[in-house]
Structures are given as structure tokens and as C-alpha cells.
Amino acid sequence: MPLPPGGAFNNRQPAARSGTNTNDPDRLSPLDLLIFLPIIAAVAMAFGAPARSAALAAAGANLLIALCLAFTFVPGDGFQFEARRAVLNSPAMGFNVGIDGLSLVMVLLTVLVTLAAVWVRPPKEGGEGFWYSSALLIAAGAMGAFVSTDLVFFYAFHELALIPTFLMIGMRGTGNNKDAAWKITIYLGFGSLVLLAGLAWLVVAAAAKGGEMTFDMAKLAAQARGIEGGTQEHIYLTLLIGFGILISLFPFHSWAAPAYASAPAPVAMLHSGVLKKFGLYGLLRVAVPMLPLGQSAEWIQHILIILLLGNILFIGLVTIAQKELDMVLGNSSVMHMGYIFLGIASGNAIGYGGAVLLMFAHGISIALLFALCAAVREKTGTLQFHRLGGMAKGAPVLGLLFGMGAFASIGLPGFANFAGEVNIFFGGFANKSDCGCLGWLEWATILALWGVVMSAVYMLRAYRAVFKGQPGQAVYGVTDIGQDTRIPALLLVAALLITGFFPNLLLDLVRPVVEALAPVSR
Amino acid sequence: MLSEYLPVLIQMITATGLAASMLILSVVLGKSGNQSDIKNSPYECGMLPIGEGQPRFSVKFYMVAMLFVLFDIEVVFMYPWAVVFRDMIVTHTIMFWSMLSFAGILLVAYLYALKKGALNWKE
Amino acid sequence: MPAYYLEIAVVVLGLVLLLVEAFTPPQHKRRIGWAALAGIAATFLLLLTVKSHCGCDSPMWQFYDDSSLSLFFKGLALLCTAFVLMLGLEYLPVLEKYSARAGGGPATGEFFALPVLICAGLMWMASAIDITTIFLSLELTTIGFYIMVAYMRRNVGSLEAGVKYLILGALSTGILVYGLSWLFGATGQTGLDAIRTALPSAARGPALFAFALILIALCFKIAAVPFHFWVPDVYQGAPTPVTAFLSVGSKAAGFLVAIRLMEPFLAVESLRTTCIAILVAVACATLILGNLAAIPQGNFKRLLAYSSISHAGFLLLALASDRHTGELTSTRIIAFYLSAYLCMTLLAFAVLIIINKSTGSDELKAFDGLHRRNPFLGFATLIAAASLAGVPLTAGFLGKFFVFIAAAGAQQWLAIGIAVAGAAAGFYYYFKVIRHVYWNTAPEGAAAIPVSPVAKSLLIILIAATLVLGVYPQLILGLL
């Protein structure tokens, strides 16, 4: 589909004409509910509302709203459900919301994982208000970031999760939780400051070319096209590092695994499942469309490919060496980011589409695994492989669900992860090279294929060590998981299977966006 | 051009000359006549010239000295004000009132100092 | 109503309070505080009715400016004074303990009269556009602070702080006068407008020398390197409301003076490059020192002192990046940053005063387990620390973001790098406070910490202001 280069935001103008969106957007949007319902519920808890029911009500309502939005959404019609509220006139800054296909996928991911995350009960009595409100605030932050169309709020909402994460890991985590919380906070704080500097640079450089300074992403995208190639490349690199730290791009990944390992279940689920996708979403939303020359610059691509291979191969090996279930999951989450980066590095619509699909699928599957991992820890009191084993006898449902999560994570057909990874690998070979030989990207894709083998190795080993074989010393008398873990797990498994068998449900939403992202010819 | 600085020169010469003449005259005239220990001791306003290196003064000295300086400044301001604006004070009453408000502020300060016992020597 | 009536009103208020104080029995000194608060609040209401002058050519307007910028900073000074008076009322028990007279009871009345007079000085500074009035108003505030810092005469720390502040303050005053006289010598003018027209034809050497001297002297006021030595000791020793006043009011007015005095230099193309280079160097040094030295601090007041230094670094960076950013001028950025700084710093000091009243300690250890001892106070600390660190959706974030924007516009890449590293270090030491509040457990037998209704309303106002400014900056920027 021959769209002019310059990014997804080109969709806006036809959308405005076609009538579903008016030229004078509303002051309110259903998207506001998605952000503020969790916040309201969290505030209500502070004033004594029953924590668990408030959290479930807010998360459930959000799921319903998001599904309604998904059904009324018109694919390929640009940003919808828009609302604009200026908070600063000059430079133009506003609490503006709106979603296109890409954001909608992220919104669906967020509401699904949020509902599952608040369904999981805290292992200890007491402090329920804090537990649920933290989870809701993290979810609200992610949601706000995904639906904002203003650069400042896009950034700011992501940071809303920082403090609840810090407090939850530090106060309710397990193992070496205080060090992990400290590390994740400093790392992410630094990463987001680098990102902030990059965004400031982008805004200023764009304003230098196009007059009035603006934080509105659509206007900014139009302005940013005028930036010179060299500057674009440098800004792109800054953004890549900033987002990369948030995504745990190799070599900035060391915060991720220990933090996820010691975080309480909802935080691990929301952070690895949803919040980490913010960085990837940001690359696709800001860096790629606004800085096309940076995205296509060879030297940046080479850097990115080397780093993502570090994610896939090096972290893959690290994961194989782990001896505890939570560390395996944490590292595998870091490793899978490499595939998504590969999809982004491919620079074509197939790769981008695969990346978005895998973002969704990975988010769901890792949340499922972390939820079940917390159940294992609660039942047995340990996650060390040598003390576990044979749990499938005592807890067959837990074993079955965990197995499905593990297979999804490996990328077995039938799960959404498979569709995503296949698209990414196709995307890796979709670019016609001039010389007819294999370029950097093709070689990287070939190497990355070995990552699938590695993930099969560590996931199956983990599954065998925990659920098969002789019962370990910690496993005696283990009972199966109750409704509080089954229902959220089933919800996530269902989402994985539905999108796995019908990936076009998501791809149709995403395709118009990513086709506008990909340049016509490279 | 340089002639403008003539008064400064005269001032400098006068000051140096006065100081030098005092020193010289005291050397020339002072050694004559009857000599005694008391006569040869340094002149210190009637205080004992020998004592501790840093004698302790009552803090009241400082209080009074500071207050004196403050109220002295008032007069220092008033003189040039009265001389320079002699005619304007009549035509522009604001000149008069602003100086009065300045004096008023000092009056408040004086009352405050009085009430707080800053001038009460006995306490 | 012309703007200068405000200063007159505040001075009269201060004098009346002083006189009334002299005749008030010791047990009723608290009333002086309430009267001062009411008077300041009334003046703030008067400020809203002020109209800019008619353009009549009274000689007054060569010394006195009543643009919206000046009025804004007057408002900031009044607000800050009002909050400090409230903090002072809260702090009264500690003050009474340390300010006893030789023979009689505590002497706490002037503690509420002097801030009013200092406030008059700050307001004058906001309007001063002549180097003589700048100097006079600066001295009026500084002399007031000399007394306030050393107010707790039975506390060695306070006395030490007073001596340090006095000596360094006098030194900086000397340097300022020296710089101003060089400026006068180079241009032959005292009015800033006249200086702006005369400076391009002035000799380069003397002008630069004057710039350097003035900048160094102002660094004392705004707590920046190289005149930052006094900051930690004086902040720690001074009574906490005074520390808050120093940290917010004095810095805000100092920055407005800095903006006004630097502006003529930056407007001259031949001086501009050098002056910007000096400013950036000072900003970078301030950022590095403030942030690095804050990391190991275990005393909350000292932590806030170094945090004050590092914020001065950000503000100086904004001052040095004065072009290329369209409507978001460096003056507006500084005004916004200072408003944000006012909210979050006063919030931090308010929490500290409440905790100090209960535990008698300023150490970070006193914050251990605060979220159990008083959840609301813990939340207030959380908001203050988050905003000081620059976590988004709080006022502190937008301030830092605007500075980054300005610096990126001016292409100060090295300074941006240092500022990013400094802000990351900030995350470390501000989150250390949060860690004490939420992670650590309170010592055995620690009782709940009570919060008086006055303090609670103060905290709620400041928290709300911090959060609202974090999402609605137009509120401040629309005033300028």
C-alpha cells in the first residue's frame, strides 16, 4: 500500500475527513475512564473502601470498556476517541488522548493483565489497600502512556508506575527485594532521564524547523520531518538508549531479572507484561515515525542488531544457566525483548506487525507465568529447582496452565507468540538487498532463530524440574491452586489462544499503522 | 582636567602634613623639661595603660554604640537632604513626608529599643 | 492602586508588629504570629488588585518596576512568607526552648515580625531595576536573615550558623558592591535600562570583570558554587522555618535579581559568549557538587541544603539558555521552576518540623516507619521527595523538563549530560528518604506522630499545589 513516508500520523487527516472523528474533538473521551477508574479506586481505598472488590470492579469495568472500544473501533481510520485538554498554551501541551490500532492493542493488553494481576491474592494478610492500589496505579500509568497523544503526558504517565513499583518490591517483595527495588528504581530513573533529554532534544530540534514548539505528537511528527539527517540519527540513538534501558535492552538489562524475581506477583506481571512494552511502544510511536532517517541509518541499525543479538543469544545462555524458576522467567522476559527489537530493526510492515503482536503475546504469557510462579512459591515456599519436582501430581491444574504458558513462551503454534515470532522472522527476510547476499539483518535473523531453541531448552527444563520427575522435598502435600489463581490464569490463556488462532484480530488493527510506519522503499 | 583633583591633592598634603607635624613636634618638644615615669607613659584618655591584652567590655557598650551609630546616620542623611532639596521640600511635599516616614521608622526603632531595655544600663 | 503601596503596607505591618510585640506579654506571642499571617494574607489580596502604572514619567519608575514578572515575584515572596509564618507557629515549642532570655521567659515575638520586614525586602528586590535599589533591598533581606538565622540563642548550632552566614554574607555583599561599582564605572549609569543601552559601548574588560563579580556575589544569595559553603551548615543550624525561608524566598528573589542583572550582559553580542560560558560553568559546577554531596547525607536538613544547591544549578542552566525556545523563555522557566520549588521544598520542611517536634531529631532515621506512625505524613514526604526528584505528574518534573528544553535549545550538550547525571543522582538520594519512610520499621515503642489542624491544612495545600502544578503549568505560566 503506497503511503507517503513520514509515519503513522499521516492517518490523521483522512480520519478527520471521514466523519467518525470531528475536527473539534471532544473534551471528554471514554479513554479517560480507562485511566481514571483505577486511580479513583486507589484513592477510594485510601479512604477505606474495601480494597479487593474496588480493585476488581475497576479492572473489570476497564476490561469491558476496552472491549467495547475495540468493537466500535474502525481499523485504519487513524486516531479515534480523541479528546484534547490544553494545559499550556505556548508551547502547546495538553492532556490529549486518542487511540489508533497500535495503541488499542496495548490497551487490550493492559486491561487483560491488570484484571489478572488484581485477581491474584496477596500471600499474607494485611496491607491489602496498599497492595491493590499499587497494582492499580501501575496499571493506570501504563494505560495513560498508551492512550496519550501528547509527548509530555505519554512520558509522565509511564513514570507514575515508578513509585508504586519501588514501594511494592521494597515492602512486599521476597528474597533480596530491597536491593532489587533499589536497582530497578535507579536504573529506570536514569533511563527515563536519558529518554527525557532525548524527547526534549526532539521537540526543540523540530521546533527549530517548523516554528511554534509543540508537544502534540501529530504536529510534532509533521515538524520533525524537517530535521537534518545527522541530528535525526543522534536523537534516535538517544531515544534508543533511553527506551532501551526501560525495555532492558542488552547491556542495560541487569535490573530486570532480579527485580521481577523478587517482586510481588501483580508487580511482576504488570511490569514485565505491560510496563516494559512502553519502551517498545515508544520506539514505534515516537522514534520510528518521527525520525525516519535515524531509523534507517545503517550504523544505528548495526548497533541495534548487535545489542539485540546480545539480548537473544547471551541472555538466552544466561537463562539456561539459572537454577530458580523466578530467575528463569525474569531472564526469559529480557531475552524475548530481543525478538521484538528484531522486528523493529527490520523496518518493514511485516516485522513491525510481528513486533506488535509479540508485544501483546509476550505481555500476556509472561504475566501468566509470573502469576503461576507466585502460586508455586506460595505452595512450596521455594523456587529452587533442586527442591522442587513432581508438582503436577499434587497440582494438576497448576501444571497444565503453567505448561501452556511455557509453550506459549517458547512459541508453539496455536499461541499468539508463534504468530508474532513468525512475522518477525519473515520481516527479517522481507527486505530486498541490492547485492543478493545476506545483510546484517538477515544474518541476525538466522542467529535469532537459534534463540527459539534456547527458549525451548530452558522452558522445558524448568517445567520438568518443577512439575515432573520425583517429588522434591518442598513439594510434599502440595494442593492445587484455588479459584483466585485459576480464573486470572484462564483469562490469560484464553486471550493467548484466541489471538493465537486468530492473529488477524490484532493484525488487522495494527496493519494500517505499521504500513504507514514502513517506508515504501529502502 | 587634572585641576579638578586639586582639592584632593590639598587634602592629602594637609593630612600627611598634620600627621607628620604631630609626630615631629612631639619628638622635638616632648623630650624637654622634667622627666618622670608618669610623664613618659603613653597617653590613653586617662585609662590605665597597662592591663590585659583584650580587656572585657560590658556588652552594653556595644549596644549603646550601635544604637548611637544608627541614630547618628539619621542626622547624616538629614543634612544633605536638607541642603540639596531645600527648595523642593517646599514645592514637593512628598519630599517632606518621605523624610518624616524615615524618621518615623527610627522612632519606632527607638521605642522598641527603649521597651526592650537596650538603654537600661543597670540591668 | 500602584504596586509600591504593597511594600509600604508590608513595612508598616512589620513596624506595627514590632511595636506591639514590645508591649505583648510573653505568653501571648503566638498572637503576633497570627496577626502577621493575617496581614500578609491581606497584602496578598491587595496584590490581586494592583494595576500596572499609567506610564507617567515620575522618577519613581526609573527605580521601580511593576511588570507582571515583578508582581509575580512579589506574590511568590508573600506566599512564601505566609507559609513560613505558619511553619513558625508550628515550630514555636522548639523555639521557646532555645530562645530564652537571660532572666525571663522565651523571646519569640520578633520571630514573626522579622519575616514580615524580610518579605518587604524580597518584594522590593522583585521590583528593583536600579543597582542602588537592588543593593538596598538585598541588604534589607540579608540583614533580617542575619538575625533570624541566629535566633535560637541557646543553641550552639544556630549561633554557629549565624556567624557563618554573617561573615560570608558580608563578604558577598562586599563583592557585590565592588562588582556594581565596576559596572557603574564601565557604563556611568545606575538604572538597568540605561546600563543596557550603555553597555555595548563600554570597555570589554571592566564589563566582564563586573559580570564575574556580580555573578559570584549573587551565587551567595541563590546558593550556588562557588559561594555555597555556608549552605549546609547554616541550613542545619538555623531554626527550620528560617531555613525554609532562606531556601525558598531568598533564592527566588535572588534569581530575579540575577535575571535582571545578567540580562544587559547577555544582550551584548561581544560579551555574550563569554558570559554564557561562565554561567554554564557555574551551573555545571553547582549541579555536580550539589548532587554528589547530597548522596551521603544522613541529616534531612543537610540533604535539603545540598538539594537546594543542585536546584540552583538547574535554575542557572535555564538562565544560561536564554534564547531559541520561543514563548518558553528562560525567565518564564525560572519563574515556574521557583514556584514548583516553593511548593515542594516548603512541603519537605513542614514535614520535617512536625517530625522534629515529636522526635526532636532532624536525622533521616527519625523518618523510619513514618507511614505507620502517621500515614498522611508519610504520603506528604513521598510527594515532596518525588517532586524534588522530578518524578512526572509533580511540579518538580515539569520544572526540570522545561530546563532540559531550554538547554537543548541552546545546544548545551555537556551541561545537559551533567544535568541528567545529577537528576539521576537525585533519584538516589530522594528515594533514600522514601525508603526510610516506607521500608524501614519504626523503632520499638515509637508513638504515632500527631499533626495539628494548622499543619494538616498547610500540608494539604502544598500537596495539592505540587500535584496541580505538575499537570497544569498554565496556571503559573499564564500569569507572566
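In what order do the elements of chain B run from the N terminus on? They go α-α-α-α-α, and the legends below take in this chain and its partners. This is a predicted model, in which local features need pLDDT of at least 70, side-chain atom pairs count only at pLDDT 80 or more, and totals for chains, interfaces and linings use all residues. Residues are numbered from 1 along each chain as its sequence is written, with chains lettered from A and ligands numbered from 1 in the order in which they are written.

**View 1. Chain B, a chain of 5 helices and 0 strands.** Helices (H or I, at least four residues) and strands (E, at least two) are DSSP runs, numbered from the N terminus. The C-alpha trace of chain B spans about 65 × 60 × 20 Å along its principal axes. Its radius of gyration (taken over C-alpha atoms) is 24 Å, while a compact globule of 123 residues would have one near 14 Å. That globule value comes from a rule of 2.2 Å times the number of residues to the power 0.38. Of the 123 residues here, 0% count as buried. Buried means that 20 or more other C-beta atoms lie within 10 Å of a residue's own; exposed means 12 or fewer, and partly exposed is in between, with C-beta atoms placed from the backbone.

**View 2. Where chain B meets chain C.** Here 6 residues of chain B are in contact with 5 residues of chain C. Two residues count as in contact if their C-beta atoms, placed from the backbone, lie within 7 Å. On the chain B side that touches chain C there are 4 nonpolar and 2 charged residues, and no polar ones. For these classes, Ala, Val, Leu, Ile, Met, Phe, Trp, Tyr, Cys and Pro count as nonpolar, Asp, Glu, Lys and Arg as charged, and the others, Gly among them, as polar. Don't look for chain A touching chain B: no contact joins the two, and their closest C-alpha atoms lie 44 Å apart.

**View 3. Where chain C meets chain A.** Of the 2 pairs of chains that touch, A and C have the most contacts. On this interface, 31 residues of chain C are in contact with 33 residues of chain A. On the chain C side, the elements giving two or more residues are α15 (375–389), α16 (395–409), α17 (413–439) and α19 (474–477). The largest share, 11 residues, comes from α17(C). By class, that side of chain C has 25 nonpolar, 4 polar and 2 charged residues.

**View 4. Chain C and its fold.** Chain C has 19 helices and 0 strands. Its radius of gyration is 21 Å, close to the 23 Å from the globule rule for 480 residues, so chain C is as compact as a globular protein of that length. Its C-alpha trace spans about 70 × 55 × 40 Å along the principal axes, and 62% of its 480 residues are buried. Among contacts in chain C with a separation of 6 or more, 79% are between residues 24 or more positions apart.

**View 5. Zooming in on I288(C).** This residue lies in helix α11 (residues 269–294) of chain C. Why is I288(C) partly exposed? Because I288(C) has 18 other C-beta atoms within 10 Å. Not counting residues up to four places away in sequence, I288(C) touches I418(C) and G422(C). The C-alpha atoms of I288(C) and G422(C) are separated by 6.4 Å, although the two are 134 residues apart along the chain.

**View 6. The largest nonpolar core, with 425 residues.** Such a core is a set of buried Ala, Val, Leu, Ile, Met, Phe, Trp, Tyr and Cys residues joined through C-beta atoms within 7 Å. Those with the most contacts inside this one are V203(A), F370(A), A371(A), Y337(C), L347(C) and A350(C). Helix α17 (residues 349–380) of chain A gives the most to this core, with 22 residues. Leaving aside neighbours within four places in sequence, the contacts of L347(C) include A380(C), I383(C), L459(C) and T466(C).

**View 7. Two helices of chain A, α4(A) and α5(A).** All 19 of the 19 residues of α4(A) are buried, so this helix is largely enclosed by the rest of the structure. The same goes for α5(A), largely enclosed with 19 of its 20 residues buried.

**View 8. How far to trust chain A.** Chain A averages a pLDDT (the predictor's confidence in each residue, from 0 to 100) of 85, and 93% of the residues score at least 70. Among its elements, α1 (residues 12–18) has the lowest mean pLDDT, 40, and α4 (residues 101–119) the highest, 91. Over residues 1–23 of chain A, pLDDT stays under 50. Where pLDDT is low, the predicted coordinates should not be read in detail.
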